Amino acid sequence: MTKRLTCDVVVVGAGMVGAACALYAARAGLSVVLVDRGPVAGGTTGSGEGNVLVSDKEPGPELELALLSKRLWTELAAERGVGASIEFEAKGGVVVASSGEGLAALAEFAAGQREAGVDAQPVTPSDLHELEPHLAPGTAGGVYYPQDAQVMPSLAAAQLVRLARLLGADLRTGWTVTAMLRTADGGIRGVRTDRGEIHAPYVVNAAGTWGGELAALAGVALPVLPRRGFVLVTEPLPRMVRHKVYAADYVADVASGSAALQTSPVVEGTAAGPVLIGASRERVGFDRSFSLPVMRALAAGATRLFPFLEEVRAMRAYVGFRPYLPDHLPAIGPDARVPGLFHACGHEGAGIGLAAGTGHLIAQLLSGVTPDQDLHPFRPHRFADRAPEEAP
């Protein structure tokens, strides 16, 4: 056992969201200990594509958070040396409709986004091929989203942690939280780990897919479930895919609560050269088994968008688990059931993009500052009166 640590706030989970919470809390002048049972970005973050998107969000609280977070990511990337170190690319996104009916639905969706502050530009088939010369012919049109961006997730999480540590934050990897320490009146007074106790009046649950397990240590239910997804990675290529490009039905898959397998083509180039191909979603617990049918579906969808990919080799595939909550909104803010417990988890596939905004808002709450966004829709205890959703 190590000696006891004391700080203002313990952040549990060193993925992208936890790293952002640690950074913004440290910038607010709080003493922070960031703890994780594994390495930095060892969970969902390390299996992500690095999307910082507004294009797939319908008008409402998540889109508002996405716009805030995109602004903060842009500000972070503008800091000296940060943009290159996280491979930040403000490359924009292109959503493609294959039929007139699909284009009409996409246009209606984009119109609502524009009213909410999104730059969503309708594009004709000829415009699409100006944006993406290698796109398959025969598309009905689409929408261009210049605000969409990308980071390299593992590098970005590591950089946020590095910036937090420069401000005095303490990183403890390989420490497993085993219990929540409570005061006589039931409030938080820190955590117990397998390496010692960390005392603090606030604990932030940024444990991602395992956020429900951490909440249970405090005696509260948070119905976070894993939603599995695969990504195909091609051999390095010249920049033949300029933006994040996806089919219009991807938005519907993101919003679906189905446990069954869903795939919709998502293709994007990277600064390093490989093309990333997604996206699949299914709730199968934490089963990491390789799935050939999913790989075939991803490859088929990608080649429908970009026929040149038929001749390109896939180097590898990887799997990750999105932290899913039943209403598709993350849990952000204080838990009314346990004074001192805050949650910042359940972002599903949007955690990379929403991390900066989440960390900023959590830090404001911890500092007693009125947050820049109304967090009522994200209140963690909103599920208290519902029966937890069962995994398949």
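Select cysteine 7 and show its sulfur: the closest cysteine sulfur, in cysteine 21, is 14 Å off, too far for a bond. Now do the same for cysteine 345, where the closest partner sulfur is again in cysteine 21, this time at 9.8 Å, also too far for a bond. How many disulfides does the structure hold? Zero, where a disulfide is taken as a pair of cysteine sulfur atoms within 2.5 Å. Cysteine 7 is buried, at 7% relative accessible area, and cysteine 345 is buried too, at 1%. Buried here is under 20% relative accessible area, exposed is over 50%, and partly exposed is in between, with a 1.4 Å probe and protein chains only.

Before you click on: this is a predicted model, in which local features need pLDDT of at least 70 and side-chain atom pairs count only at pLDDT 80 or more, while totals for chains, interfaces and linings use all residues. Residues are numbered from 1 along each chain as its sequence is written, and side-chain values use heavy atoms, with hydrogens and water left out.

**Stop 1: the cores**

Colour Met16, Trp73, Val151 and Val204, the residues that touch the most other members of the 69-residue largest nonpolar core. Helix 1 (residues 16-27) gives this core its largest share, ten residues. A nonpolar core is a set of buried Ala, Val, Leu, Ile, Met, Phe, Trp, Tyr and Cys residues joined through side-chain atoms within 4.5 Å. Helices (H or I, at least four residues) and strands (E, at least two) are DSSP runs, numbered from the N terminus.

Apart from that one lies another core, of 27 residues; Leu5, Ala200, Ala218 and Cys345 are among them. In general, nonpolar side chains tend to be buried together in soluble globular proteins.

Zoom in on valine 204. Which residues is it in contact with, leaving aside neighbours within four places in sequence? Val9, Val10, Val11, Val12, Cys21, Phe342, Ala344, Ile362 and Leu366, with contact meaning heavy atoms within 4.5 Å.

**Stop 2: a four-stranded sheet**

Switch to cartoon and pick out the open sheet with strand order 1-12-11-10 and mixed pairing. Its edges are strand 1 (5-6) and strand 10 (177-182), each of which pairs on one side only. Two strands count as paired if DSSP finds at least two bridges between them.

Start with strand 10 and strand 11 (residues 188-193): they run antiparallel and are joined by five bridges. Two pairs to label are alanine 179 opposite arginine 192 and arginine 182 opposite isoleucine 188. Five residues sit between the strands of this hairpin, and there glycine 186 takes a positive phi near 95 degrees.

Carry on to strand 12 (residues 196-199), which runs antiparallel to strand 11 and is joined to strand 11 by four bridges. This second hairpin has two residues between its strands. Select threonine 193 and you will find glycine 196 of strand 12 opposite.

**Stop 3: the second largest pocket**

Which residues lie nearest the centre of the second largest pocket? Select Met152, Thr270, Leu276, Arg316 and Tyr318, out of 20 lining residues. The volume is about 360 Å³. Strand 18 gives the largest share of the lining, three residues; the elements giving two or more are helix 6 (153-166) and strand 18 (314-324).

For the settings: on a 1 Å grid over the protein atoms alone, a pocket is an open set of points where a 1.4 Å probe fits, with protein on both sides within 12 Å along at least five of seven lines, and lining residues have an atom within 4 Å of a point. Grid points are joined across faces, edges and corners, and the volume is the space filled by probe spheres set on the points.

**Stop 4: backbone oddities**

Most residues other than glycine have a negative phi, and most peptide bonds are trans. Go to glycine 278 and alanine 279, which are joined by a cis peptide bond with omega about 0 degrees. Alanine 279 is in strand 17 (residues 275-281).

Next, alanine 41: phi is near 60 degrees, positive in a residue other than glycine. Find alanine 41 in the loop between strand 3 (32-36) and strand 4 (51-52); it is buried, at 9%. Histidine 328 also has a positive phi, about 65 degrees. This histidine lies in the loop between strand 18 and strand 19 (331-334) and counts as buried at 18% relative accessibility.

**Last stop: histidine 243**

Buried or exposed? Histidine 243 is buried, with a relative accessible area of 7%. Look for it in the loop between strand 14 (225-234) and strand 15 (244-247). Beyond residues up to four places away in sequence, histidine 243 touches Lys91, Gly92, Gly93, Val94, Leu131, Glu132, Tyr144, Val267, Glu268 and Gly269.
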